[in-house]
Each structure stands twice: as C-alpha cells, then as structure tokens.
Amino acid sequence: MEHKLSEVVLFGTWASSFSGRVKIALKLKGIQYEYVEEDLVNKSQMLLSYNPVHKQVPVLVHRGKPIAESRVILEYIDENWSKTPNLLPKDPYERAKIRFWAKYYDEKIIPGIYSIITTGKYREKAIEDLSELVKVFEEGMKRDFQEDPPFFIDGSLSFLGIVVSSYACTYEAFHEAVTTVLIPEKNPAFFSWVHDLKGHPLIKETLPPHDKLVARLKHLQA
C-alpha cells in the first residue's frame, strides 16, 4: 500500500544545515510535520519530482505543494503560519536588510568555509579570505542594526538567527575534522554571536550529532 504523506512533509538529510534551518523554523512555530531522510547518492523519485530543477534538499511539501530552497521555505513558513513567534520583522526595510545579509552569508561565507576543505596547500589563504568575509558581515551587522544583530525577535530565534546558526554552530566538528576556521581573535563579534546562538535549546536539539558529523567531514577530505 502506498504511503500517504502528511499535510506538512520535509525532505532533508541529517547533515544538511539547510535542512536543519527548516526543522528549526517548524519546531519554533509548533508545526507538526513528517520528516523524510533522503540519500543524495540515490535520490528518491519523490524528491526528484518535487524539486526537478535542483534535485536537492530541503524541500517542504505543504498539502501536496512543494517549496524548495531553505531561505524561500523559511519565508513561506513565516507567511503561511503567521502565528508568533515571527521569523522576520514587520517593517519592510528591516526585512530587506535581513534578507540581504542572509543572502550574503549563504553566497559568501558558506562557500568560503567549503573551500577550506578542498584547497589543500592553499588552505591558509582560504582561511584568511574567510576571515575577511566574516569581517564584512560583522561590520554590516553593526552598521545596519546598531550593535544589536537581529538574530532574535522578542527573545525568539529569527530568520537570520536560524540562517547563521544552522551552519556556524557546527564549527567545533569542523575544527576537529578539518582545521580551525572560527578564530575569536580575528572575528570576535561573530564568534560571540555564534556562541550565544549555540546555547539556544532549539539549536542544540537540531544540530547533527557531533561525532557523526566529524566522520562525514573527514570522509569529504579523503
């Protein structure tokens, strides 16, 4: 008998920080959902049919309608389930600034971290480049949000807090498996923000298992 999907279904993988974002948002909003673990080496036909363009996770399926790309999904969750807590502020300009920096984080900082795994003898240069990218982020937060980065709204995790924490808060696994990339002396503000985010109960609950992630990161370098 064919399995009937629940009203809200998330297709993801345990190690994907992008899938982790969606898990955090759903839990934060108190939304019941079914989780489907995907094997990206042998992708299911359901995943391929729901995301035929990128063929990647995460994909959120709501009442049979698929939504792809983690930041798009977060906004969909916030708009469709408008009950508090809100992930984005109501003010359009504040929302625009947050979207800008979330996009910067995804398109500059995360690729900068990935490059450290693959650069080999150029690793030190890649680490220095990453530090400069993070510095731009630090300065942008202070300039655009007056020393109070919008990682929380009314004490609850926000859109940007979820975007940053789902990846950055796994830094200890990266340090153990690859090399030290988050250096307090070089990027003190960012390190402090990540440390605070890492202490949030929902982040702790959602991050992938440390030892399992270390093993995966080591395998990626092999």
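**Exercise 1.** In this predicted model, work out whether Asp78 and Lys29 are buried or exposed, and find what their salt bridge ties together.

*Solution.* Start with the surroundings: both Asp78 and Lys29 are buried. Next, look at the gap: their closest N and O atoms are 2.9 Å apart, and the two form a salt bridge. Now place them on the chain. Asp78 sits in helix 3 and Lys29 in helix 1, so the pair ties together parts 49 residues apart in sequence.

**Exercise 2.** Decide which class, buried or partly exposed, fits Glu75 and which fits Arg99.

*Solution.* Grab the cut-off: buried means under 20% relative accessible area. Glu75 has 17%, so Glu75 is buried. Arg99 has 31%, so Arg99 counts as partly exposed. These two form a salt bridge as well, with the closest N and O atoms 2.9 Å apart. The pair links helix 3, home of Glu75, to helix 4, home of Arg99, 24 residues apart.

**Exercise 3.** Find which residues are linked with Asp106 in a network of salt bridges.

*Solution.* Begin with one pair: Asp106 bridges to Arg21, with the closest N and O atoms 2.5 Å apart. Asp106 lies in helix 4 and Arg21 in helix 1, so parts 85 residues apart in sequence are tied together. Check the burial: Asp106 is buried at 12% relative accessible area, and Arg21 is buried at 0%. Finally, add Arg71, and you have the network of Arg21, Arg71 and Asp106.

How values were computed:
Residues are numbered from 1 along each chain as its sequence is written. This is a predicted model: local features need pLDDT of at least 70, side-chain atom pairs count only at pLDDT 80 or more; totals for chains, interfaces and linings use all residues. Side-chain values use heavy atoms; hydrogens and water are left out. A salt bridge is a side-chain nitrogen of Lys or Arg within 4 Å of a carboxyl oxygen of Asp or Glu. Helices (H or I, at least four residues) and strands (E, at least two) are DSSP runs, numbered from the N terminus. Buried means under 20% relative accessible area, exposed over 50%, partly exposed in between (1.4 Å probe, protein chains only).
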